[in-house]
Amino acid sequence: MSGDPPVPEPPAFPGRRWLLPSALLDPAQDSGTGRPERRPRRTARDWVVDFMCFLFAVAIGLLGVDTVSKEVALPDAYAVLDQVLGALACAAVWLRRRWPTGLAVAMVPVCFVSATAGGAGLVALFTLTVHRPFRYVAWVAGTALLLNPLFYWLRPDPDLSYLGAVFLSVVLTGAIVGWGMFVRSKRQLMLSFRDRARRAETEAALRAEQAQRLAREAIAREMHDVLAHRLTLLSVHAGALEFRPDAPRAEIVRAAGVIRESAHEALQDLREIIGVLRAGDADDAGRPQPTLAALDGLVAESRVAGMKVVLDHHVTDPANVPASVGRTAYRIAQECLTNARKHAPGAEVTVTVAGAPADGLTVRVRNPAPPGEVPPVPGSGQGLIGLTERATLAGGRLEHGPEADGGFEVRAWLPWV
């Protein structure tokens with residue numbers, strides 16, 4: 001658990017990618033400014049659509065050639081120029097994805113000069129509507145609509161009246177713009193679905209990371225509570241053996257047994273914690289977590305270590321205390337006994353546990369002033385901070401502080417739910 005694996009980028013749209021437009025498959029196409037950050041590669045669908053647009057432009061251009069041939073007053077040179085511009089405009093349709101705005105703007109004067117370029121102009125306007133915001137479309141389409149009456153005034157259609165030709169051009173322009181806006185809105189809806197899925201994936205990854213962080217913090221608190229208790233027992237008995245080498249053999253044997261047992265228990269606890277870190281689930285631990293019923297054993301263990309501990313147990317129906325509440329109460333008592341052993345060696349510690357389902361569970365640990373002067377312990381106070389946080393997470397509260405006679409008291413209340 002040294003580092004979390006990177007979250008894979010979710011696929012834009014699962015399925016057959018060749019059936020979708022490249023603008024949907026490339027996330028850089030929706031930069032918020034209406035302009036792509038880079039040109040996407042065409043999909044098979046794009047090639048088919050581009051070819052159909054080219055055929056459409058050529059078909060309209062051929063109709064334009066027939067119309068040009070019927071214009072009696074049109075000079076032959078101008079008719080040739082009209083058809084050349086129309087052919088070039090049809091060829092330029094293949095560039096509509098690379099330069100949609102430039103092509104649409106260029107088609108406005110070209111379509112005003114050439115009747116055979118009308119199909120390419122419609123394709124360019126449709127492409128502009130699909131790939132750019134409406135303000136671009138409004139300028140280009142508005143300019144084309146203003147020039148159309150002048151175009152048909154200068155070059156009347158041989159098959160339609162003036163008003164009929166202008167009306168048809170307005171209808172075609174409106175239809176192309178409306179169709180393009182529909183396609184653009186549909187694509188933006190699909191892009192919004194993709195962004196929502198991506199945000200949901202990111203939020204899920206963040207929640208999982210937060211859950212892992214909280215689990216690590218909980219494991220760290222357990223490690224502090226458990227190992228601090230065990231190692232304090234080791235320190236007390238090792239110190240007794242160091243400063244009293246002439247102690248009776250029975251006392252030395254008892255202290256060595258406590259050291260051996262405490263070291264064994266510390267290794268067991270450490271093995272369980274490492275197992276949790278590897279498995280990622282606290283339920284995989286080998287031994288059950290301590291509850292309120294294990295408080296008697298904790299007090300007995302402290303007494304064997306040489307502490308003077310008085311347990312005052314007044315809990316109504318202790319068998320029905322919730323496991324989480326009992327475990328929190330056990331950890332509070334364990335940490336308080338550890339602190340008393342370090343900061344008030346030789347003082348008598350009183351552990352009072354009382355409560356009922358309607359009143360909650362109260363844990364009170366008090367020790368008087370130590371008999372002699374005790375040197376300060378580095379890093380003191382971290383355990384009490386952890387206990388306060390543990391009690392708060394359980395829905396309770398914890399208070400601690402020195403008393404007037406020099407003693408120290410820890411008071412905790414936990415909800416019995």
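# Chat about a predicted model

Tutor: The protein's secondary structure comes to eleven helices and five strands. Helices (H or I, at least four residues) and strands (E, at least two) are DSSP runs, numbered from the N terminus. This is a predicted model, where local features need pLDDT of at least 70, side-chain atom pairs count only at pLDDT 80 or more, and totals for chains, interfaces and linings use all residues. Residues are numbered from 1 along each chain as its sequence is written, and side-chain values use heavy atoms, with hydrogens and water left out.

Student: What share of the 417 residues counts as buried?

Tutor: The share is 38%. Buried means under 20% relative accessible area, exposed over 50%, and partly exposed in between (1.4 Å probe, protein chains only).

Student: And how much area does the protein expose?

Tutor: About 23600 Å². Carbon and sulfur atoms supply 64% of that area. The areas come from the Shrake-Rupley method with a 1.4 Å probe; for residues, only the protein chains shown count as cover.

Student: What part of the contacts comes from residues 24 or more positions apart?

Tutor: Such residues account for 70% of the contacts with a separation of 6 or more. Contact means heavy atoms within 4.5 Å.

Student: Let's do cores. Which residues have the most contacts inside the largest nonpolar core?

Tutor: Leu 292, Val 351 and Leu 361, in a core of 30 residues. A nonpolar core is a set of buried Ala, Val, Leu, Ile, Met, Phe, Trp, Tyr and Cys residues joined through side-chain atoms within 4.5 Å.

Student: Which elements give two or more residues to this core?

Tutor: Helices H9 (295–304), H10 (323–343) and H11 (382–393) do. So do strands S1 (308–315), S2 (348–356), S3 (360–367) and S5 (408–414). The largest share, eight residues, comes from H10.

Student: Is there another core apart from it, and how many residues does it have?

Tutor: Another core of 26 residues lies apart from it. Ala 57, Val 108, Ala 120 and Leu 128 are among its residues.

Student: Back to Leu 292. What does Leu 292 touch?

Tutor: Leaving out residues up to four places away in sequence, Leu 292 touches His 313, Val 315, Val 321, Gly 326, Ala 329, Val 353 and Leu 361.

Student: Where is Val 321?

Tutor: In the loop between S1 and H10. Val 321 counts as buried, at 12% relative accessibility. With the same four-place limit, Val 321 touches Leu 292, Val 315, Gly 326, Leu 361 and Trp 416. Its C-alpha atom is 9.3 Å from that of Ala 293, which is 28 residues away along the chain.

Student: What about Asp 317: where is that residue?

Tutor: Asp 317 is also in the loop between S1 and H10. Asp 317 is partly exposed, with a relative accessible area of 36%. Its phi is near 55°, a positive value in a residue other than glycine. Most residues other than glycine have a negative phi.

Student: New topic: rings. How many aromatic pairs are there?

Tutor: Five. Rings of Phe, Tyr and Trp (its six-membered ring) pair if their centres lie within 6.5 Å; planes under 30 degrees apart count as stacked, over 60 as edge-to-face and the rest as tilted. Phe 54 and Trp 94 form a tilted pair, 5.8 Å centre to centre, with 35° between the planes.

Student: Why does the pair of Phe 54 and Trp 94 tie together parts 40 residues apart in sequence?

Tutor: Because Phe 54 lies in helix H2 (residues 44–70) and Trp 94 lies in the loop between helix H3 (76–92) and helix H4 (100–113). Ring pairs also link Trp 47, Phe 54 and Trp 94 into a cluster.

Student: Are Phe 54 and Trp 94 buried or exposed?

Tutor: Phe 54 is partly exposed at 23%, and Trp 94 is partly exposed at 29%.

Student: Where does UniProt place the feature "transmembrane region"?

Tutor: The unreviewed UniProt entry places it at residues 47–65, 77–95, 102–130, 136–154 and 161–182. UniProt positions are given in the numbering used here, feature names are shortened, and annotations may be inferred rather than shown by experiment.

Student: How much of residues 136–154 is helix?

Tutor: 100%, with end C-alpha atoms 27 Å apart. For residues 161–182, the span is 95% helix and the end C-alpha atoms lie 31 Å apart.

Student: Last one: which helix holds Leu 125?

Tutor: Helix H5 (residues 118–131). Leu 125 is buried, with a relative accessible area of 7%. Its C-alpha atom is 7.3 Å from that of Ile 176, 51 residues apart along the chain.
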